[in-house]
Amino acid sequence: MDTLILSRIQFGANISFHILFPTITIAMGWALLTFRLRYVASGDERWMAAYRFWVKVFALSFALGVVSGITMSFQFGTNWPGYMQTVGNIAGPLLAYEVLTAFFLEAAFLGIMLFGFNRVPGWMHILATVLVAIGTTLSAFWILVLNSWMQTPQGFEMIDGVAHATDWFEIVFNPSMPYRMAHMLLASGLTCAFLIAGISAYRILIGDQDREPRMTFRWSVWVAAALIPIQIFAGDQHGLNTLEHQPQKIAAMEANWETGPNVPLLLFAWPDEAERRNDFEIAVPHGASLILTHSLSGVVPGLNDYYAEDGTALHPPVAALFWSFRVMVAVGLAMLALAWFGAFMIWRKGGTTLLNPWLLRGFVAMSFSGWVATLAGWYTTEIGRQPWLVQDVLTTEAAVAHHSTGMVASSLALYLAVYAVLLIAYVAMLFILARRAAQGSLPEEPERSGAATVAVAGE
């Protein structure tokens with residue numbers, strides 16, 4: 001591998017690790033606010049217990065997100081100097097807004113959230129929770145503005161090879177920003193909901209006698225069931241926007257080689273870029289045309305339109321996009337099926353009742369399904385921009401630093417080792433917190449002997 005490929009893998013590893021934690025904290029800030037307000041409204045101590053448990057998870061996720069975000073920012077200078085030299089006038093201010101938001105809102109008021117119980121007035125504790133929730137969302141907003149601008153840049157002019165802003169409104173509200181923002185916020189909501197459902201289900205299964213995990217389990221299942229259809233609609237609209245502004249990305253996602261109507265939806269295929277064809281196709285007739293244009297005879301762009309005269313491919317890697325997109329969709333459908341089945345079971349039992357432990361185990365197994373779907377979607381988005389770092393402005397190859405292969409390879413190995421250790425420690429800590437909470441719970445109702453079922457919503 002050369003320096004370019006290794007640098008791309010290294011940045012990909014950094015951003016893959018980093019994105020895991022904001023994906024949780026963005027939505028969990030609002031979940032915590034919900035728990036806090038429901039405690040105020042009802043006086044039910046279980047909501048406060050839920051708040052106290054999940055604010056620890058929030059703090060842990062926030063810490064890892066900040067640390068990995070700083071590391072990622074370093075790489076702009078060390079591995080990608082051409083990026084800041086060319087578009088730094090635009091990327092710099094947007095990154096600065098994100099840092100200011102993260103540190104001044106999230107970090108400043110997180111301390112009150114964690115340690116302000118019984119030390120500050122209740123209204124101040126609620127205000128701190130509100131500001132942290134707003135801070136996490138604003139932080140995501142600025143990052144998504146920058147990422148969207150890299151996909152669909154506008155509001156600038158090039159002077160001597162350097163981008164200069166001419167209209168910040170156009171830069172911020174570039175064509176793909178609203179769709180990407182909605183898609184990411186909903187992904188965060190689903191990731192958070194499945195994590196809360198999974199950990200709550202785990203606590204129930206190991207015998208947590210407190211009713212708090214039952215309550216958070218039910219709440220998160222309802223949230224997941226409600227968000228998934230909205231996410232499917234948002235994803236559809238995002239796809240239409242991508243078709244308009246980045247048709248080569250859509251062509252690679254569908255592994256479609258010839259532009260034309262009546263394009264089938266490939267459920268399985270083995271794209272062969274060298275031969276410009278697919279092997280082992282399993283397809284649904286007209287499916288791609290219907291999904292992408294909402295017409296059975298709609299025209300879908302083909303990859304053969306994106307080759308230079310010398311045969312150089314001007315489209316992103318086909319196999320990577322084809323499979324990452326399908327992984328995202330497959331995991332999303334599995335989340336849809338489980339969330340709706342869980343919601344149906346809770347509704348059918350009328351909220352007083354018993355659920356099969358296998359359903360709870362299903363949610364435990366899917367605790368981190370949101371991470372898988374988010375990463376697959378993120379790879380689809382980012383790899384789909386290749387060979388451009390900023391679409392039609394700066395190529396990835398032109399931005400990379402000319403370090404030795406050995407230097408980049410050694411730092412990549414170090415990053416991977418550290419991230420693997422941190423990720424294992426993070427997941428282990430979540431289940432340790434869950435077990436400690438279960439051990440500290442007090443029995444509130446008689447245990448059901450020989451139960452083939454587990455009480456879930458009996459409050």
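**Entry 1. Loop residues with positive phi**

I began at Arg276, which sits in the loop between strand 3 and strand 4 (277-284). The model I am reading is a predicted one. For Arg276 I noted a phi near 55°, a positive value in a residue that is not glycine. I then checked how much of Arg276 is accessible: its relative accessible area is 34%, so I put it down as partly exposed.

I looked up Ala255 next. Ala255 belongs to the loop that runs between helix 8 (247-254) and strand 3 (265-272). Its phi is positive as well, about 50°, although Ala255 is not a glycine. Is Ala255 buried or exposed? I found a relative accessible area of 3% for Ala255, which is under the 20% limit, so Ala255 is buried.

**Entry 2. A cis peptide bond**

I went through the peptide bonds and stopped at the one from Gln386 to Pro387. This bond is cis, and its omega is near 10°. I placed Pro387 in the loop between helix 12 (369-383) and strand 6 (388-390).

**Entry 3. His402**

I located His402 in the loop between helix 13 (396-399) and helix 14. With a relative accessible area of 79%, His402 is exposed. I also took a distance from His402 to Trp257, which is 145 residues away along the chain. The C-alpha atoms of His402 and Trp257 are 34 Å apart.

**Entry 4. Helix 1 against helix 14**

I turned to helix pairs. Two packed helices are described by the angle between their axes and by the distance between those axes. For helix 1 (residues 3-42) and helix 14 (residues 405-439) I wrote down an angle of about 20° and axes 9 Å apart. The angle is under 35 degrees, so I entered helix 1 and helix 14 as roughly parallel. Their crossing is left-handed.

Which residues meet here? On the helix 1 side I listed several, including Leu6, Ile9, Phe17, Leu20 and Phe21. Among those they meet in helix 14 are Val408, Leu412, Tyr415, Tyr419 and Leu423. Sorted by class, the contact of helix 1 with helix 14 has 16 nonpolar and 6 polar residues, and no charged ones.

**Entry 5. Helix 4 against helix 6**

I repeated the check for helix 4 (residues 122-151) and helix 6 (residues 177-205). Their axes come within 9 Å and cross at roughly 135°. That value makes helix 4 and helix 6 oblique to each other. I noted the crossing of helix 4 and helix 6 as right-handed.

From helix 4 the contact includes Thr137, Phe141, Leu144 and Gln151. From helix 6 it includes Met177, Arg180, Met184 and Leu185. I counted the contact of helix 4 with helix 6 by class as 7 nonpolar, 4 polar and 1 charged residues.

**Entry 6. Nonpolar cores**

Last, I looked at the largest nonpolar core, which holds 74 residues. Which of its members touch the most other members? I wrote down Met28, Leu32, Phe35, Trp54, Val57, Tyr83 and Leu195. The largest share of this core comes from helix 2 (residues 45-78), with 14 residues.

I followed Trp54 from there. Leaving out residues up to four places away in sequence, Trp54 touches Met28, Leu32, Phe35, Leu195, Ile196, Ile199, Ser200 and Thr216. Apart from the largest core there is another, of 28 residues. Ile204, Leu227, Ala234 and Ile346 are among the residues of that other core.

Methods. Residues numbered from 1 in each chain as written. Predicted model: local features only at pLDDT ≥ 70, side-chain atom pairs only at ≥ 80, totals over all residues. Heavy atoms only, no water. Axes fitted to C-alpha atoms, helices over the stretch in contact; angles between N-to-C directions. Helix = DSSP H or I, 4+ residues; strand = E, 2+ residues; numbered from the N terminus. Parallel < 35°, antiparallel > 145°, perpendicular 65-115°, else oblique. Left-handed = near helix turned anticlockwise from the far one by under 90°. Contact = heavy atoms within 4.5 Å. Nonpolar A, V, L, I, M, F, W, Y, C, P; charged D, E, K, R; others polar. Core = buried A, V, L, I, M, F, W, Y, C linked by side-chain atoms within 4.5 Å. Buried < 20%, exposed > 50% of the residue type's maximum accessible area, 1.4 Å probe, protein only.
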